[in-house]
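Reader: I am new to this structure and should be grateful for a close look at one of its residues, together with an account of its surroundings. Please define each term as it arises.

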Amino acid sequence: METVGTDRHDQRDPLDPPREGEHEDLLSELLRPLRLTGVFDSRWHVRAPWAIEGDAEHGCAVLHYVVEGACWITADDEAPVELRAGDLVVFPTGAPHRLSDRPERQGVPLKAVLPERQPGTSGEIAIGGDGPEGRLLCAGLHYDAGVATGLHTSLPWALVLDRHQVDREPLLRDTLRLLAAPDRPVGPGDRLITLRAFEMALVLALRPLLRELADNPASLPLLRHPGISRAVVTMATRFAEPWTIDSLAREVGMSRSAFTAAFRELVGESPARYLSARRMQEAGRLLTETSLPQSAVPERVGYRSAVGFHLAFRKWFGMTPGEYRSGEVRAA
């Protein structure tokens, strides 16, 4: 007999308009931060002419904050974007892009000017010219790619906050200014403090950007499909329930085949993988951030069998839950 995660069967047409608050519920799941595992940050001092080409960064979000001057962001098949002092851009999935003083300028590879970009370290770039000056704070925000889901990959390639939007988030503005300061305080615990400061900046930056997406659902196709949006929120918040593909499809009033096809198209992966990712994300959090006994973790994340959980965890992370909790492999 098939198990069903809930007895609240809502047969609402999945193409009906979203209920009040559904977009906000979905976007709040995007605000659940992928726990950062490391940050490489750098301060750039540039004078025109200049241009730097950044490669794709897998398992890494990228942030650029313009402290002084202006620059352009360009990428293949995307319209150029001009940034001025006080503006912030976030690349949620580390999409490749170019920073330059002019959009048509060809650049040098980032690895040529910053060959070593290990998480937990900082760097400096100084490019001399005789044109206008600029200063930027740039950072690669590394997260555990093993718990990333297609929901994040469905975000636009770049999310931009202009100076006025940044100023409306005083904590974000002040955090960025502190991180960008050439004489920012250093001392015991600096590496951890920097990591958490950038993590907070990322969440604070995404909040107003995602609010805009909720006001303009056309910019994120997932928001236009209430059935799949509801399924994403359901799996993200009720992952401990014994869901099957059939019971999830019924929960949102769709057939199994239509649900599976639409989910894969809009989210970028199967419902089963999305649910596994959310469960593994929570399992990892419980193992590293709480003292919950390891034996209690499987049930908390939706597994009725400890053996099944152990096998699934090892397949997902490439290590046992005990090794993950000890931090031996992740710290390597």
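Reader: Does Glu-269 count as buried or exposed, and at what relative accessibility?

Author: Glu-269 counts as buried, at 8% relative accessibility. Here, buried means a relative accessible area under 20%, exposed means over 50%, and partly exposed lies in between, with a 1.4 Å probe and protein chains only. The model is predicted: local features need pLDDT of at least 70 and side-chain atom pairs count only at pLDDT 80 or more, while totals for chains, interfaces and linings use all residues. Residues are numbered from 1 along each chain as its sequence is written, and side-chain values use heavy atoms, leaving out hydrogens and water.

The side chain of Glu-269 meets that of Arg-273 in a salt bridge, at 3.4 Å from N to O. A salt bridge is a side-chain nitrogen of Lys or Arg within 4 Å of a carboxyl oxygen of Asp or Glu. Unlike the buried Glu-269, Arg-273 is partly exposed, with a relative accessible area of 43%.

This pair belongs to a wider set, since the structure holds 17 salt bridges. Another joins Arg-238 to Glu-251, whose closest N and O atoms are 3.3 Å apart. Arg-238 lies in the loop between helix 7 (226-237) and helix 8 (245-251), and Glu-251 in helix 8, so this pair ties together parts that are 13 residues apart in sequence. Helices (H or I, at least four residues) and strands (E, at least two) are DSSP runs, numbered from the N terminus. Both partners are buried: Arg-238 has a relative accessible area of 18%, and Glu-251 has one of 6%.

A further salt bridge links the side chains of Arg-135 and Glu-68, at 3.3 Å from N to O. Because Arg-135 lies in strand 10 (residues 133-143) and Glu-68 in strand 3 (residues 60-68), the pair connects parts that are 67 residues apart in sequence. Arg-135 is partly exposed at 26%, and Glu-68 is partly exposed at 37% relative accessibility. Elsewhere, Asp-41, Arg-43 and Glu-124 are linked in a network of salt bridges.

The nonpolar side chains may be considered next. In soluble globular proteins, nonpolar side chains tend to be buried together. A nonpolar core is a set of buried Ala, Val, Leu, Ile, Met, Phe, Trp, Tyr and Cys residues joined through side-chain atoms within 4.5 Å. The largest such core has 35 residues, of which Ile-228, Phe-259, Phe-263, Phe-309 and Phe-313 touch the most other members. Two or more residues each are given to this core by helix 7, helix 8, helix 9 (256-267), helix 10 and helix 12 (306-317). Helix 10 supplies the largest share, 7 residues. Apart from this core lies another, of 26 residues, among them Ala-139, Leu-172, Leu-202 and Ala-205.

Phe-259 touches Ile-228, Ala-231, Ile-245, Leu-248, Ala-249, Val-252, Met-254 and Pro-271, residues up to four places away in sequence not being counted. Such a contact means heavy atoms within 4.5 Å. Helix 10 (residues 271-289) is the place of Met-280, which is buried with a relative accessible area of 1%. Met-280 and Phe-313 stand 33 residues apart in sequence, and their C-alpha atoms are 6.8 Å apart in space.

Away from these helices, 5 strands form an open sheet of mixed pairing, in the order 5-4-7-2-8. Strand 5 (81-84) and strand 8 (108-109) stand at the edges with a single partner strand each, so one side of each has no neighbour in the sheet. Two strands pair if DSSP finds at least two bridges between them. Strand 2 (residues 51-54) pairs with strand 8 in the parallel sense over 2 bridges, and the bridge partner of Glu-53 in strand 8 is Pro-109.

The cysteines form 0 disulfides in the whole structure, a disulfide being a pair of cysteine sulfur atoms within 2.5 Å. For Cys-138, the nearest cysteine sulfur is that of Cys-71, 7.9 Å away. Cys-138 counts as buried at 4% relative accessibility, as does Cys-60 at 0%.

Finally, the chain as a whole has 13 helices and 11 strands, and 51% of its 332 residues count as buried. Among contacts between residues at least 6 apart in sequence, 78% join residues at least 24 apart.
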